[in-house]
Amino acid sequence: MSEATSDHSSPAAGRGPLTGVTVLELGGIGPGPFCGMLLGDLGAEVIRVEHPDQAGKPTLHPVLHRNRRSVAIDLKQPEGAAAALALAGRVDVLIEGFRPGVAERLGLGPGQCLAANPALVYGRMTGWGQDGPLAQEPGHDINYIALAGALHTIAPQGGDPVPPLNLVGDFGGGGMLLALGVLGALLHARGTGRGQVVDAAMTDGTALLLAMTYGLLGQGLWQDRPAANLLDGGAPFYRTYRCADGGHVAVGAIEPQFYAALLRVLELTGDPLFAAQQDRAAWPAMTGRLAGLFATRDRDAWAAAFAGQGACVTPVLSLTEAPADPHNSARGTYRRAEDGSVQPSPAPRFSATPTADPTAAPATGADTRAVLSGGVLPGRVLSEEQLDALFERGVLG
């Protein structure tokens with residue numbers, strides 16, 4: 001695990017390939033802030049707008065909100081919305097995660113913002129999308145991945161679907177997809193001077209993540225039921241097994257050479273039950289036999305037995321164990337911030353424009369005056385007298 005060299009109070013120049021890109025993030029939870037974090041990790045100047053009633057308080061999401069500046073503006077007040085619109089006129093990208101129509105009612109919809117800044121990339125993050133029968137319905141990750149078909153595939157045989165945290169909808173099919181869309185639109189804007197709206201819906205993104213699965217389904221190579229296929233725990237050589245100490249190992253011996261290595265370490269080479277790897281009729285019996293074997297030793301004993309054997313067998317590590325793993329530690333996959341907390345390091349890695357250590361998430365509103373007085377973006381938005389008046393009235397915090 002890498003140690004933080006410094007957690008500066010504000011992002012610095014030359015922090016990655018997006019250095020020089022400016023982003024305005026209109027609040028939000030989950031996928032929107034994750035997109036902002038990704039862009040900030042890659043060097044963008046990200047300014048997050050939050051409500052003044054949280055001003056001065058530390059964020060509840062110190063990792064998702066790293067590499068930010070924070071301004072506190074009440075967007076429901078006309079003067080607050082006007083200040084935010086002025087900021088939108090000075091940035092390259094705006095991202096928002098309101099329910100469809102809310103930004104427009106605030107006077108901060110794509111029509112208003114693109115009129116102020118024709119080259120603006122306007123990223124929209126929702127669960128259901130900007131249109132469709134469910135566009136105005138509430139929901140969470142579990143609902144989006146359920147309707148997209150992904151949740152159905154993640155279940156033990158005869159058991160109930162298991163939510164894979166909120167990794168699939170919120171982050172993989174949501175925030176990361178929005179970041180990709182924003183960067184694609186930004187390339188277009190840089191070349192043409194014309195901005196556009198990026199409509200990123202978690203249902204769409206989750207469906208996209210199922211591309212290979214739908215390809216296999218269309219060829220008759222995937223059964224539309226869980227725990228019956230190659231990659232969903234149905235195959236005895238691609239699943240987890242409980243060990244004697246209650247820990248688990250992950251087995252991913254798909255290719256014949258890895259399968260052979262698995263059998264060799266388990267002393268099953270030549271066993272007729274395992275002779276035909278792809279004999280699906282034998283999979284349940286093979287699974288039972290392997291389950292019994294793995295239950296005879298502790299997890300770490302199996303990890304040691306399989307180390308360097310090329311069998312694609314690894315221990316299942318907990319959240320607190322993973323950062324200390326020798327491989328993760330050697331690569332600096334996780335880092336320890338100055339406050340002692342552990343967080344994932346920025347990724348991917350760039351040879352010519354490396355990213356820097358993330359800056360700590362600021363207290364809400366820590367940068368309100370600096371941003372609105374022209375200390376961050378070009379041009380002053382409000383005079384000192386206007387700033388003082390809006391702070392006094394609670395429009396700013």
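In this predicted model, the residues that line the largest cavity divide into one nonpolar, four polar and three charged. The lining consists of R48, E50, T59, H65, R68, S70, P362 and T364. P362 is the nonpolar member under the classification used, while R48, E50 and R68 are the charged ones. The volume of this largest cavity is about 40 Å³, and the structure holds one cavity of 30 Å³ or more. Such empty space is revealed by rolling a probe the size of a water molecule over the atoms.

Open space was examined in the form of pockets as well. The volume of the largest pocket is about 880 Å³. Its lining comprises 28 residues, of which D232, G233, G234, R239 and T240 are the closest to the centre. Two or more lining residues are given by each of the elements α6, β8, β9 and α10, the last of these spanning residues 283-294. By class, 17 residues of the pocket lining are nonpolar, seven are polar and four are charged.

Two of the elements that contribute to the pocket lining, β8 and β9, form a hairpin with five residues between them. The strands, β8 at residues 238-242 and β9 at residues 248-252, pair in the antiparallel sense over five bridges. Within this pairing, T240 stands opposite A250 in β9; T240 is also among the residues closest to the centre of the largest pocket. In the turn of the hairpin, G246 has a positive phi of about 90°.

Helix α6, a further contributor to the pocket lining, packs against another helix. The axes of α6 (residues 167-192) and α7 (residues 202-209) come within 8 Å and cross at roughly 100°. The two helices are therefore roughly perpendicular. On the α6 side the contact is made by V168, G169, D170, G172, G173, G174 and L177, which meet M202, G205, T206, L208 and L209 in α7. The contact residues divide into five nonpolar, six polar and one charged. The charged residue is D170 of α6.

Elsewhere, three strands form an open sheet of mixed pairing, in the order β1-β11-β12. The edge positions are taken by β1 (2-3) and β12 (342-344), each of which has a single partner strand, so one side of each is left without a neighbour in the sheet. The pairing of β1 with β11 (residues 334-336) is parallel and extends over two bridges. In this pair, S2 stands opposite R335 in β11.

Conventions
Residues numbered from 1 in each chain as written. Predicted model: local features only at pLDDT ≥ 70, side-chain atom pairs only at ≥ 80, totals over all residues. Heavy atoms only, no water. Pairing = 2+ DSSP bridges. Helix = DSSP H or I, 4+ residues; strand = E, 2+ residues; numbered from the N terminus. Axes fitted to C-alpha atoms, helices over the stretch in contact; angles between N-to-C directions. Parallel < 35°, antiparallel > 145°, perpendicular 65-115°, else oblique. Contact = heavy atoms within 4.5 Å. 1 Å grid on protein atoms, 1.4 Å probe; cavity = no way out; pocket = protein on both sides within 12 Å on 5 of 7 lines; lining within 4 Å. Points joined across faces, edges and corners; volume = space filled by probe spheres on them.
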